[in-house]
Amino acid sequence: MNPPITFNPGPAQVYSLLQEALQEAYAKGILSLPHRSKAFEEMVARCRLLMQQKLDLPANYTLLFLSSATESWEVIAQSLIRERSTHLYSGAFGERCFAYTQHLHPAATGLAFELNEDPCYLLEQIPSDSELIAITHNETSNATTLPALFLSQLHEQFPDALLSVDATSSMGGVVLPWTQADIWYASVQKCFGLPAGLGIMCLSPRAVARVHEIGESGRYNSLSYMLEKMEKNQTTYTPNVLNIYLLMRVLEHIPHIIEIDWKLQQRAKTWYRFFEEHSLWQPLVAYASNRSVTVIGVQGEPTQVQAFKQHALKKGIYIGNGYGQWKNHSFRIANFPAIPDTHFQQLLDVFSTFQSV
Ligand SMILES: *Cc1c(COP(=O)(O)O)cnc(C)c1O
């Protein structure tokens, strides 16, 4: 039996290989595997190697496991910021990251930009003493991505600041310019096609050095402690061992990220063209360069949006709701690698059979 089709941008469609992998996990005793065992350490080591082989993660970046992207926000604020970070955001996730950081560090600066605005004009407003600049690579809430050169511009203008990138809905889906930032994090229920409950963080040597310089410690999720444990391929607490196993299986299964990226780009192009030419729907994001590859935002009249989602549901297909201020007049379609082309063919059929209300 197959699970219902979902285009929700997280929790999202999982890889179909999980059916087999879950049974194997059970049979192999992964569900009871102690996290201080040799077998666990080997599994973590294999994940670290596969992240390099399949996603091109630089060998000198350290992979860490957390429980979510949300936890990453907190951990970064705790262990990588003394007082002053700057947060650039256009949507709900970037804003929430800023709010949590501000709770711990009241001197944090938030710089908001609009959905259809190029954030480059904000470069002048970033305080020069920012220790860390936080940005969202793919803002899932409004289906935008960063302009191609933005990270390198940030890096050039603020060479001393660490760059922290929320890549929750793009890591595993598109080629990431790893070396242009110091902290990359994600959770696995988006582009990795896994169930929720595991976060991934990748730290550059510069970020690791900053952790030691600041020296924050004493918490189960202090980065200094997590890094110490990861030297032995361990975690500081009993982690989601099953999901780490499944991540390993997915990383073994998927092609190289260049191939995945190319495929998602083609699908995104086809769908954006489809909406540009449609009478009822339009891409939510006006400029092609700001449109997300992995999350396709579509806007329309609220009544049509509502009716369309219901029509899709009747055909057994779940469409992602609009988010935050875009809730009523938009919907989102995940273009994640675990979603097969056949599902998109079925989606096309849902569009062609929809009668506007
Ligand atoms: C989904 C998402 C998050 C939150 O992920 P959790 O696993 O729920 O913590 C954060 N940032 C972005 C950009 C997301 O898409």
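## Trp-184 and its surroundings

Setting aside the neighbours that lie within four places of it in sequence, Trp-184 makes contact with Tyr-61, His-137, Leu-151, Val-165, Ala-167, Met-171, Leu-176, Pro-177, Trp-178, Ile-200, Met-201 and Cys-202. These contacts, like everything else described here, are read from a predicted model.

## The nonpolar core

Trp-184 also belongs to the largest nonpolar core of the structure, a set of 115 residues in which Met-171 and Trp-184 have the most contacts. Helix α8, which spans residues 241–253, supplies the largest share of this core, namely eight residues. Met-171, the other residue named for its contacts inside the core, is itself among the residues that Trp-184 touches.

## The shell around the ligand

The ligand is surrounded by 13 residues, and the closest of them are Thr-70, Thr-140, Asp-166, Ser-187 and Lys-190. By character, the residues of this shell divide into three nonpolar, eight polar and two charged. Helix α3, made up of residues 69–80, gives the most to the shell, with three residues.

## Polar contacts and cover

Which atoms of the ligand pair with Asp-166 and Ser-187? A nitrogen atom of the ligand lies 2.7 Å from a polar side-chain atom of Asp-166, while an oxygen atom of the ligand is 2.8 Å from an N or O atom in the side chain of Ser-187. At Ala-69 the contact involves the backbone, where a polar atom is 3.2 Å from an oxygen atom of the ligand. Of the 390 Å² of accessible area that the ligand has on its own, the protein covers 87%.

Notes: Residues are numbered from 1 along each chain as its sequence is written. This is a predicted model: local features need pLDDT of at least 70, side-chain atom pairs count only at pLDDT 80 or more; totals for chains, interfaces and linings use all residues. Side-chain values use heavy atoms; hydrogens and water are left out. A nonpolar core is a set of buried Ala, Val, Leu, Ile, Met, Phe, Trp, Tyr and Cys residues joined through side-chain atoms within 4.5 Å. Buried means under 20% relative accessible area, exposed over 50%, partly exposed in between (1.4 Å probe, protein chains only). Helices (H or I, at least four residues) and strands (E, at least two) are DSSP runs, numbered from the N terminus. Contact means heavy atoms within 4.5 Å. A residue is near a molecule or strand if one of its heavy atoms lies within 4 Å of it. A polar contact is a pair of N or O atoms within 3.5 Å; within protein, one must be able to donate a hydrogen and the other to accept it, and residues adjacent in sequence count only if both atoms are side-chain atoms. Accessible areas come from the Shrake-Rupley method with a 1.4 Å probe; for residues, only the protein chains shown count as cover. Ala, Val, Leu, Ile, Met, Phe, Trp, Tyr, Cys and Pro count as nonpolar, Asp, Glu, Lys and Arg as charged, and the others, Gly among them, as polar.
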